Amino acid sequence: MLVLVAPGQGAQTPGFLTPWLDLPGVEDRLRALSAAVDLDLVHYGTDADADEIRDTAVAQPLLVAAGLISAAALGDVSPGAVAGHSVGEITAAVLAGVLDDTAALTLVRKRGLAMAEAAAITATGMSALLGGDPDTTVAHLEKLGLTPANVNGAGQIVAAGTLEQLAALEADKPEGVRRVVALKVAGAFHTRHMAPAVDTLAKAAQELTPGDPTITYVSNKDGKAVATGAEVLERLVGQVANPVRWDLCMETFKELGVTALLEVCPGGTLTGLAKRALPGVKTLALKTPDDLDAARELIATAADSAADAAGANA
């Protein structure tokens, strides 16, 4: 079974969309999405520098747009499940048929602006902790007043809080943690610091008419599959101020019998986690159009495996 996944904020790099604009129709689609949300996605995906695309209000729509154009470039794909990390959940909602492109970009634009406003209230950030025992790490973070905002599995937890709290973490790492790496984000996402954004996002969600998922949609809240579009939207709203449980999403992938995982552009982060947490699962990160042939081959192999399994069970 194939799982299609979408990365979250911090995966973007300057110029990462440049090669995609060489594909027929991509620039036109990006410009149409840009017009829908009054944000020049072509500029931000090609010419903007690292500081410009670090801005939450820019990064989030840019990542969703990138995921959608790269998924579309694959052609007709029928994964067994979809999921996204943080803002990638909105990309996954489109792939699952819950939202259309315009609704998703409108929602993520409002999400990015609201989270940027919330982040401006207090100087906050996020740092990834590599290695260590999860229980020991979480207890240490709580002692420092930090939140385990992303529990990613594969030995990685992301701490979030004020810059002072993160500085204290640098000076006093949990036992067993090898490194603390500051992330390229502009706030303490998925914590109480994002509470002001929840009301704004809830109002934005009320203006949308979601469809029910046509593909298994796995939620960051608890790794569970969500059956209705209304619940997907409700979870997208609440997730802004609550931890991402990507570890539980990967546990669900195991239970579903995943054999292949494909990460849409700008891929890399989630495939890295899967390589450590899902041994035996084939993975591929879709970074540039040069990866499309390998991605299609992975999709075909997963489809053949699914067909063989279905035949064996018939």
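## A tour from strand β2 outwards

Start by selecting strand β2 and strand β7 (residues 216-218): they run parallel and are joined by 2 bridges. Two strands count as paired if DSSP finds at least two bridges between them. Strands here are DSSP runs of E with at least two residues, while helices are runs of H or I with at least four residues, both numbered from the N terminus. To see one bridge, pick V82, whose partner in β7 is Y217.

This is a predicted model, in which local features need pLDDT of at least 70 and side-chain atom pairs count only at pLDDT 80 or more, while totals for chains, interfaces and linings use all residues. Residues are numbered from 1 along each chain as its sequence is written, and side-chain values use heavy atoms, with hydrogens and water left out.

**Around β2**

Stay on β2 and colour its residues by burial. Buried means under 20% relative accessible area, exposed over 50%, and partly exposed in between, with a 1.4 Å probe and protein chains only. A81 and A83 on one side of β2 are buried, as are V82 and G84 on the other, so both faces are covered.

Next select G84, which lies in β2 (residues 81-84). G84 has 1% relative accessibility and therefore counts as buried. Which residues does G84 contact, leaving aside its neighbours within four places in sequence? They are A6, E89, A92, N220 and W246, where contact means heavy atoms within 4.5 Å. For a distance check, draw a line from G84 to G211: the C-alpha atoms are 18 Å apart, and the two residues are 127 apart in sequence.

**The six-stranded sheet**

Now add β1, which runs parallel to β2 and is joined to it by 4 bridges. V5 has A83 as its bridge partner in β2. Then add strand β9 (residues 260-263), which runs parallel to β1 (residues 2-6) and is joined to it by 4 bridges. Here L4 is partnered by L262 of β9.

Showing the whole sheet gives 6 strands in the order β8-β7-β2-β1-β9-β10; the sheet is open and its pairing is mixed. Its edge strands, β8 (225-226) and β10 (282-285), each pair on one side only. Strands of a sheet pair through backbone hydrogen bonds, either parallel or antiparallel.

**Around β3**

Move to strand β3 (residues 124-131): 8 of its 8 residues are buried, so the strand is largely enclosed by the rest of the structure. β3 pairs in the antiparallel sense with strand β5 (residues 156-162) over 7 bridges, and T124 has T162 as its partner in β5. Strand β6 (residues 177-182) is also antiparallel to β3, with 5 bridges; the β6 partner of G131 is V177.

From here select T137, in helix α7 (residues 134-143). Is T137 buried or exposed? At 2% relative accessibility, T137 counts as buried. Beyond its neighbours within four places in sequence, T137 is in contact with L129, G131, G132, I157, P174 and V177.

**The whole chain**

Finally, zoom out. The chain has 13 helices and 10 strands, and 55% of its 314 residues count as buried. The C-alpha trace spans about 55 × 45 × 35 Å along its principal axes. Among contacts between residues at least 6 apart in sequence, 73% join residues at least 24 apart.
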